[in-house]
Amino acid sequence: MFDPMFYLVCALVLALMIVAMASIRILREYERAVVFTLGRFERVKGPGLVLLMPFIQQMVRVDLRIQVIEIPSQDVISRDNVSMKVDAVLYFNVVNPEHAIIQVQNYMPATNMLAQTTLRAVLGQHELDEMLSERKKLSSDVQSILDAQTELWGIKVSNVEIRTVELSDNMVRAIAKQAEAERDRRAKVIHAEAEFQASQTLVNAATILSSNPAAMQLRYLQTLTEIGAEQNSTVVFPMPIDIVKPFLALLETAADAKPNGDDRPKVANAPSVMRPSVAEPA
C-alpha cells in the first residue's frame, strides 16, 4: 500500500516549486522590472533578485540598452520637387521604464513609425542641395524633434543618421552636368584671373623698362642671346624703335619741306617730228 504522506509531500514540493517559479525573478544589470500589484503600478525593481507575490503581482521586463532601428526607405519629395528615396538609422534607449510601459502600448514600433513620419516631414522642407551637403544638420534636426516627442514615453533618442539618399538616373545625370558646368566656370574664371595678372605684370615691367633706356637695351641684348642659343635656322632680328626714330623724323621733315603744288618734274617740249609723206600710186 502507498503511504498518503508521500503524496502529500510530493504535492507540497510541487506547489513550492510553482510558487518559487512565479515569485522569483533574476534581472541582469541592463534590465529593470516594472511591477504591477493587482493591475496597479507599484514600482520599478532591479537589477538582481526580484521577489513577487504569486498570482498577485506581475512584472514587465524593460531593456535599458541602446536600441538600433533601421528606418526603411522612405519616398521623399524635396522643396524643389525632386523625388528620392531616403533611409536612416535610429539610436535610442529607455530612460524611464514606467513611462515606456504605461504611456505607450509598444514603444519599439511606435518609435519606428514616428521616426519615419518625422524623417519625411523634415526632409520635405529642404531642397536637394541641402540634403546632399548638410546631411549632418538634417540628422540633428530629426533627432531633436524625435527626442522632444518621445520624452513623454520615457525614451531618449541619442542619434539619427541619414544613411542613403537615392536619386533617379535622370537626376544623377543632371547633377553630373551641373557639376561639370561648375568646374568649367571655375576653370574659365581662373584662366581670366591669370591673364589679368600676367597683363598687369607686363604693364609694370614695361613701365620700369621705359623709365631707363639702358634697361631696354639690356633686355634687347638678352633676347638676341636667347635666340642665338636655340640654334634656329631662321633668325628674327628685332629692331628697336629708337634706331628707326631718326629716319622717321627725316622723312617727316622732307615731307613738310615740299611745296603744296605739283611736285612732279616737268619735261621740256620736244621738237615735233615730221612724218615723211608717201605718194599714193596713180
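In which strand is Ile 24 found? Good morning, colleagues. Ile 24 belongs to strand β1, which covers residues 24-27. Before going further, I should state that this is a predicted model.

Let me stay with Ile 24 for a moment. Its relative accessible area is 41%, so Ile 24 is classed as partly exposed. The C-alpha atom of Ile 24 is separated by 7.1 Å from that of Leu 49, although the two residues are 25 residues apart along the chain.

I turn now to the sheets. As general background, the strands of a sheet pair through backbone hydrogen bonds, and the pairing may be parallel or antiparallel.

One open sheet in this model is built from three strands, in the order β3-β2-β5, with antiparallel pairing. The edges are taken by β3, residues 40-45, and β5, residues 57-63; each has a single partner strand, so one side of each has no neighbour in the sheet. On average, neighbouring strands of this sheet are turned by 25 degrees against each other, direction ignored.

Consider the pairing of β2 with β3 in detail. Strand β2 comprises residues 31-37, and five bridges connect it to β3 in the antiparallel sense. Within this part of the sheet, Val 34 has Val 44 of β3 opposite it.

The aromatic residues come next. The count of aromatic pairs comes to one. That pair is Phe 36 with Phe 41: the ring centres are 6.2 Å apart and the planes stand at 70 degrees, which is over the 60-degree limit, so the arrangement is edge-to-face. How accessible are the two partners, buried or partly exposed? Phe 36 has a relative accessibility of 17%, and because this is under 20%, Phe 36 counts as buried. Phe 41, with a relative accessible area of 29%, is partly exposed.

A further aromatic ring has a charged residue over it. Arg 65 lies over the face of Tyr 30, at 3.9 Å from the ring centre.

Let us move to the loops around β4. The loop between β3 and β4, where β4 is residues 48-51, contains Pro 47. The peptide bond that joins Gly 46 and Pro 47 is cis, with omega at about 5 degrees. In the loop between β4 and β5 we find Phe 55. Phe 55 is a residue other than glycine, yet its phi is positive, near 65 degrees. Is this residue buried or exposed? Phe 55 is exposed, because its relative accessible area is 72%.

There is another open sheet to describe. Its three strands follow the order β6-β7-β8, again with antiparallel pairing. Here β6 and β8, the latter being residues 155-166, occupy the edges with a single partner strand each, so one side of each is left without a neighbour in the sheet. Neighbouring strands of this sheet are also turned against each other, by 25 degrees on average with direction ignored.

Within this sheet, strand β6, residues 67-77, runs antiparallel to strand β7, residues 83-94, and nine bridges join them. Two partnerships illustrate the pairing. Val 68 has Tyr 91 of β7 as its bridge partner, and Glu 70 has Val 89 of β7.

The hairpin formed by β6 and β7 has five residues between the strands. Asn 81 is placed in this loop. Although Asn 81 is not a glycine, its phi is positive, at about 60 degrees. With a relative accessible area of 67%, which is over 50%, Asn 81 is therefore exposed.

Finally, I come to the helices. How do α3 and α5 pack against each other, and at what angle? Helix α3, residues 107-123, and helix α5, residues 135-150, have axes 10 Å apart and pack at an angle of about 135 degrees. An angle between 115 and 145 degrees counts as oblique, so α3 and α5 are oblique to each other. Their crossing is right-handed.

To close, I would recall two points as you look at the structure. The sheets discussed here are open, with the strand orders β3-β2-β5 and β6-β7-β8. The cis peptide bond between Gly 46 and Pro 47 is a convenient place to begin looking at the backbone. Thank you for your attention.

Note on methods: Residues are numbered from 1 along each chain as its sequence is written. This is a predicted model: local features need pLDDT of at least 70, side-chain atom pairs count only at pLDDT 80 or more; totals for chains, interfaces and linings use all residues. Side-chain values use heavy atoms; hydrogens and water are left out. Two strands pair if DSSP finds at least two bridges between them. Helices (H or I, at least four residues) and strands (E, at least two) are DSSP runs, numbered from the N terminus. Axes are lines fitted to C-alpha atoms, for helices over the stretch in contact, and angles run from 0 to 180 degrees between N-to-C directions. Rings of Phe, Tyr and Trp (its six-membered ring) pair if their centres lie within 6.5 Å; planes under 30 degrees apart count as stacked, over 60 as edge-to-face and the rest as tilted. Buried means under 20% relative accessible area, exposed over 50%, partly exposed in between (1.4 Å probe, protein chains only). A charge sits over a ring if NZ of Lys or CZ of Arg is within 6 Å of the ring centre and within 35 degrees of the ring normal. Angles under 35 degrees count as roughly parallel, over 145 as roughly antiparallel, 65 to 115 as roughly perpendicular and the rest as oblique. A crossing is left-handed if the near helix is turned anticlockwise from the far one by less than a right angle, and right-handed if clockwise.
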